[in-house]
Amino acid sequence: MAPLIALVVGTTLARLAGLTGADPLDAWPPALRVGLALMFVVTGVAHFVEPRRSGLVAMVPPTLPRPDLLVTVTGVLEIAGAVALLVPATARWAAAGLGLLMLAMFPANVSAARRRLTLAGRPVTPLAPRTALQLVFVAAAAAISFGP
């Protein structure tokens, strides 16, 4: 739920800043870039701090090698993508890359839900709500990639 909150709150606060005079944020697309960047900072940092890191490593499907390395690499990509979202010249490419990254990581969410794993001591989000959230996140990235 924290990623959704970061996306919504970050986008809303950025848009409000635009309405009150921060010209670069005076439209929904740049505000959405800020919200999505905040979301990826939140999720990216989780790849490096316990107890979330252990849970993310456990979520990697057992058929994939080096789950610890995969979690580290995806965390770095999320944080780098978040930074690139804030640079207008790279934002579209960053959003496209992050959208593809989310699609590539979705099997880990499916695997975790099917195996009834926990993340930081709490059950992972069940598959149906997780899929809905994933669609929202991918749609936000697509809106930045293909929008105005």
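**A pocket, a surface patch and some unusual backbone angles**

Pro51 sits in the loop that connects α2 with α3. In this predicted model, the peptide bond leading from Glu50 into Pro51 is cis, and its omega is near 5°. Most peptide bonds are trans, and most residues other than glycine have a negative phi. With that background in mind, the cis bond from Glu50 to Pro51 is a good place to begin a walk through the backbone.

Two further residues deserve a look for their phi angles. Arg116 is not a glycine, yet its phi is positive, at about 50°. This arginine is placed in the loop between α5 and β1, the latter spanning 118-119. Is Arg116 buried or exposed? Its relative accessibility is 72%, so Arg116 counts as exposed, the cut-off being over 50%. Ala120 also has a positive phi, near 55°, and is likewise a residue other than glycine. Its position is in the loop between β1 and β2. Because the relative accessible area of Ala120 is 31%, this alanine falls in the partly exposed class, which lies between 20% and 50%.

Attention now turns to the empty space in the model. Rolling a probe the size of a water molecule over the atoms shows where such space is left. The largest pocket holds about 1,000 Å³ of space. Its lining is made of 37 residues, and those that lie nearest the centre are Leu56, Met59, Asn109, Leu119 and Arg130. Elements that contribute two or more residues to this lining are the helices α1 (2-19), α2 (28-46), α3 (52-59), α4 (67-85), α5 (88-114) and α6 (127-146), together with the strand β2 (122-123). Which element gives the largest share of the lining? That is α5, with seven residues. What kinds of residue line the pocket? The lining divides into 27 nonpolar residues, six polar ones and four charged ones.

Nonpolar residues also appear on the outside of the model. A nonpolar patch on the surface is formed by Met1, Ile5, Val9, Leu13, Leu16 and Leu19, and together these residues have about 610 Å² of accessible area. One of them, Val9, lies in helix α1, a helix that also gives two or more residues to the lining of the largest pocket. The relative accessible area of Val9 is 39%, so this valine is partly exposed.

How values were computed. Residues are numbered from 1 along each chain as its sequence is written. This is a predicted model: local features need pLDDT of at least 70, side-chain atom pairs count only at pLDDT 80 or more; totals for chains, interfaces and linings use all residues. Side-chain values use heavy atoms; hydrogens and water are left out. On a 1 Å grid over the protein atoms alone, a cavity is a set of points where a 1.4 Å probe fits but cannot get out, and a pocket is an open set with protein on both sides within 12 Å along at least five of seven lines; lining residues have an atom within 4 Å of a point. Grid points are joined across faces, edges and corners, and a volume is the space filled by probe spheres set on the points. Helices (H or I, at least four residues) and strands (E, at least two) are DSSP runs, numbered from the N terminus. Ala, Val, Leu, Ile, Met, Phe, Trp, Tyr, Cys and Pro count as nonpolar, Asp, Glu, Lys and Arg as charged, and the others, Gly among them, as polar. Buried means under 20% relative accessible area, exposed over 50%, partly exposed in between (1.4 Å probe, protein chains only). Patches are made of residues with over 30% relative accessible area and no salt bridge: like charges are joined within 9 Å, nonpolar side chains (Val, Leu, Ile, Met, Phe, Trp, Tyr) within 5 Å. Accessible areas come from the Shrake-Rupley method with a 1.4 Å probe; for residues, only the protein chains shown count as cover. A salt bridge is a side-chain nitrogen of Lys or Arg within 4 Å of a carboxyl oxygen of Asp or Glu.
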